[in-house]
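Reader: Could you pick one part of this model and take me through it up close, then tell me how it fits into the rest? I'm at home at the bench, so plain talk is fine.

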2 protein chains.
Amino acid sequence: MSEAIFLEDLFPGRRFTAGSVMVDAEEVKRFAALYDPQPFHMDEEAGAAHPLFGRLAASGWHTAGMTMRMVVQAIGGISGGIVGGGGEIQWTKPVYPGDTLRVEIEVLEVAPSRSRPDRGSALMRNTTFNQHDEPVQIFTVRVVVPKRPV
Amino acid sequence: MSEAIFLEDLFPGRRFTAGSVMVDAEEVKRFAALYDPQPFHMDEEAGAAHPLFGRLAASGWHTAGMTMRMVVQAIGGISGGIVGGGGEIQWTKPVYPGDTLRVEIEVLEVAPSRSRPDRGSALMRNTTFNQHDEPVQIFTVRVVVPKRPV
């Protein structure tokens with residue numbers, strides 16, 4: 001986990017790089033069995049028969065989870081943790097076993113809280129890339145970030 | 001899994017109910033260790049010390065996964081599967097071990113494809129509620145849905 005990060009450390013345009021992780025076929029199937037039990041996420045033949053995927057493909061929620069793990073490893077030092085109230089998620093390409101994923105985190109906006117002088121919020125865009133430098137997921141999220149204690 | 005669902009079966013205002021599932025403390029920790037390794041998702045004491053959570057709390061991505069499983073069980077009969085290109089996710093309340101979750105799926109819009117006569121898309125809002133009827137997650141997503149074969 002990284003050094004402690006406070007609101008003062010963030011500014012629009014600041015970037016962090018996270019990852020990488022290799023997507024594992026058995027983990028793809030195990031995740032899907034628990035959280036997205038559709039045949040094309042659990043079985044090679046069903047993936048091959050799917051018109052969009054053409055192969056066993058990871059659940060988008062699994063991609064989101066792998067991304068979050070990398071984000072925590074990169075910027076988990078945000079005091080109080082990375083707790084987002086929500087955001088916009090896009091899955092732009094399928095993710096396949098054998099892919100290697102990494103995340104680029106970019107700070108888009110930073111704003112102090114109007115009501116709470118000890119904190120603020122940052123709007124961040126976490127883009128997950130595969131080994132071909134293709135974005136496979138884009139998640140834009142607003143996160144609460146404490147100010148540095150005086 | 002439900003009966004096959006085609007575009008003709010969907011209309012704005014149609015609802016489906018999915019669930020329920022009881023949130024399990026060991027699963028909360030196991031999910032977090034793999035996909036959101038922050039202390040307040042893995043350890044009771046760290047959860048208790050967190051100002052927002054006050055108890056061990058599930059990762060939002062875990063809530064998303066539990067929700068997806070319930071959605072697949074309810075409307076997994078959509079031909080070709082439930083494959084969303086993305087959407088807007090909001091986590092509106094913490095989710096705790098012992099909570100019982102259910103999902104209400106509402107069709108907001110239905111539109112035929114302009115370029116592909118065999119399909120269309122549906123905008124759906126999947127709201128996850130806890131046992132107090134409080135929304136804990138709202139996910140709005142556009143899904144491709146085939147038309148009924150002629």
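Author: Let's begin at Gln90(B), whose bridge partner in β5(B) is Ile138(B). Before going on, bear in mind that this is a predicted model: local features need pLDDT of at least 70, side-chain atom pairs count only at pLDDT 80 or more, and totals for chains, interfaces and linings use all residues. Residues are numbered from 1 along each chain as its sequence is written, while chains are lettered from A and ligands numbered from 1 in the order in which they are written.

Now back to the strand. β2(B) pairs with β5 (residues 135-146) of chain B in the antiparallel sense, over 6 bridges. Strands here are DSSP E runs of at least two residues, helices are H or I runs of at least four, both numbered from the N terminus, and pairing takes at least two DSSP bridges. β2 (residues 84-91) of chain B is also joined to β2(A), again antiparallel, this time by 5 bridges. Go along that seam and you'll find Glu88(A) standing opposite Glu88(B), and Ile89(A) opposite Gly87(B).

That Glu turns up again when you ask how the two chains are related. Chain A superposes on chain B after a rotation of 180 degrees with 0.0 Å of shift along the axis, RMSD 0.0 Å (a least-squares fit on C-alpha atoms of residues with pLDDT of at least 70 in both copies). So what you have is the relation of a two-fold axis. In chain A, the C-alpha nearest that axis belongs to Glu88(A), 2.2 Å from it.

What about the rest of the interface? It takes 28 residues from chain A and 28 residues from chain B, a contact being two C-beta atoms, placed from the backbone, within 7 Å. On the chain A side, the elements giving two or more residues are α1 (25-35), α4 and β2 (84-91). That side divides into 15 nonpolar, 10 polar and 3 charged residues (nonpolar: Ala, Val, Leu, Ile, Met, Phe, Trp, Tyr, Cys, Pro; charged: Asp, Glu, Lys, Arg; polar: the others, Gly among them). The copies meet through the same surface, because 96% of the interface residues of chain A are also interface residues in chain B.

Helix α1 deserves a stop too. In α1(B), residues 25-35, you'll find Val28(B), Phe31(B), Ala32(B) and Tyr35(B) buried (20 or more other C-beta atoms within 10 Å; exposed means 12 or fewer, partly exposed is in between). They cover an arc of only 100 degrees around the axis, so they sit on the same side of α1(B), the arc being taken from the directions of the C-beta atoms off the helix axis. The buried residues of α1(B) pack against α4 (60-75) of chain A as well as α2 (39-42) and α4 (60-75) of chain B. Exposed Glu26(B) and Ala33(B) are on the face turned away from that buried side.

Over in chain A, Val23(A) is in the loop between β1 (15-22) and α1. Val23(A) is buried, since 21 other C-beta atoms lie within 10 Å. Its C-alpha is 7.4 Å from that of Leu101(A), though the two are 78 residues apart along the chain.

Stepping back, chain A has 4 helices and 5 strands, running β-α-α-α-α-β-β-β-β from the N terminus.
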